[in-house]
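Me: Could you take me through the sheet and the ligand shell of this model, with the cut-offs behind each term?
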Amino acid sequence: MIVNLAEQAQYKLLDDHRVEVSARTLWGQLEIALNRHGRAFPIHTDYLNLSVGGTLSVGGIGVRSLVHGLQIDQVEKLRLILPDGSVRWCSPEENANLFRFSLAGLGQVGIIETAVLRTIPYRKQSRIYMYGHRNLTALAESIAWMQERKRPLPDFFHAVRMHGQVTSVFGLDDDDKSQEKWKPEAYPEFLLGVQPVADFPFWSHAIQEQWLQEQPNHMRIWSDYFFDFEGFVDFLAFLDTLVRDRRVSPYIWAIYVLMIRSTEESGQFPFSPAAFQPAPPLVYSVGVYGSVSEIDMEGKAMTKDICPRIQEKAFALHGRPYLHGSYQLNRESLLALYGREYETFLALKRQVDPSSLLNANIHLHRAGLLPA
Ligand SMILES: Cc1cc2nc3c(=O)[nH]c(=O)nc-3n(C[C@H](O)[C@H](O)[C@H](O)COP(=O)(O)OP(=O)(O)OC[C@H]3O[C@@H](n4cnc5c(N)ncnc54)[C@H](O)[C@@H]3O)c2cc1C
């Protein structure tokens, strides 16, 4: 285990509004530093005490993924420490395979030491519009128009089902007049409220931190799947049925929905959950988050039982897993998901990490190296 966290942001501003940052830096630390320079990172996770290296190793989704894609899409290059101790810079042009398999690759081919990232202008103030939906299926119907991309989109978006309520949040930056924006009055759903928010990433972090503190002795089992629109609609219908089962619903703490802008480049990282080929205009992520008290044995058994059912349905709908979560992947499912890229990864892994020093227990390479 490597505990690799910085006490404060370790960064250097570069030309063209790029920043070079140590992977040990926490996103919250980096954001405070960037904001002082009038800049911001495009995508934040809803909890900011996560390291730059940690989320780049899984992908990084947030409310602004609707406009900017994943965190890994913002990376220009990386400085990677290989298991033999040597150090390489890598980018799409230089050591391209190390680059492609490091980002969203669960730290299998090297330790990310430094990343060079793109930044955007810092906008402090935004307004959020909160809407209520009858159920998840109604949510999917109400956002179908975004798929067509004929009308302007909001600056950020997410939706959640929690305590039996389905809510979506549309965000608009107050001081960005650069393009035509989504107009709240054009949205027909039930408006629950409008609220001004300063520094949305920190606002959202505070809520997330409070939730985590409310359940200190809970075991969390998370899995997120990414879909095209058709798969998304069918998966939400499946979840609507699942949460009606009273034995199951107490353990499904939250269901999160995010949208991710996707481009042909999104396919460059083989393990990225958003790497659909061909790329649909938007990709939809659905996170199913189970939470159960450490002493609730029945609940723990139930939660563990639900995960494979959810995975089976998600894979049947051609969903791609977000690898930070809990999945049961064998060689067959890895090949079905990643095809020939998976063989390329195994060959790279054998070359750079023949003794499997890095993340020895991760299914991603264990399943591939073991006999089928
Ligand atoms: C409360 C909470 C909220 C979250 N919200 C979101 C969210 O909104 N969006 C989202 O996308 N994700 C979210 N996540 C998931 C998160 O992105 C992953 O758990 C991520 O891996 C956490 O980063 P970490 O710094 O804790 O890394 P760790 O958990 O320590 O590491 C995760 C993986 O990355 C590898 N790794 C870590 N650092 C490096 C490095 N420097 N070089 C190479 N490999 C490395 C590790 O070996 C491991 O495989 C959330 C997680 C939590 C706990």
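Some questions and answers on the sheet and on the ligand shell follow.

Reply: The model is predicted, so local features need pLDDT of at least 70 and side-chain atom pairs count only at pLDDT 80 or more, while totals for chains, interfaces and linings use all residues. Residues are numbered from 1 along each chain as its sequence is written.

Me: Which strands stand at the edges of the open sheet?
Reply: Strands are DSSP runs of E with at least two residues, helices are runs of H or I with at least four, and both are numbered from the N terminus. Two strands pair if DSSP finds at least two bridges between them, and 8 strands form the antiparallel open sheet in the order S11-S8-S10-S9-S13-S14-S12-S15. Because each has a single partner strand, one side is left without a neighbour in the sheet for S11 (190-198) and S15 (320-321).

Me: In S11, what is the bridge partner of Tyr131?
Reply: Strand S8 (residues 125-133) runs antiparallel to S11, and 8 bridges join the two. In S11, the residue paired with Tyr131 is Leu191.

Me: Of the 9 residues of S11, what is the number buried?
Reply: A residue is buried if 20 or more other C-beta atoms, placed from the backbone, lie within 10 Å of its own, exposed if 12 or fewer, and partly exposed in between. S11 lies largely in the open, because its number of buried residues is 0.

Me: Which element gives the most to the shell around the ligand?
Reply: Helix H2 (52-56), strand S6 (111-118) and helix H7 (200-214) each supply at least two residues of this shell. The most, 3 residues, come from H2.
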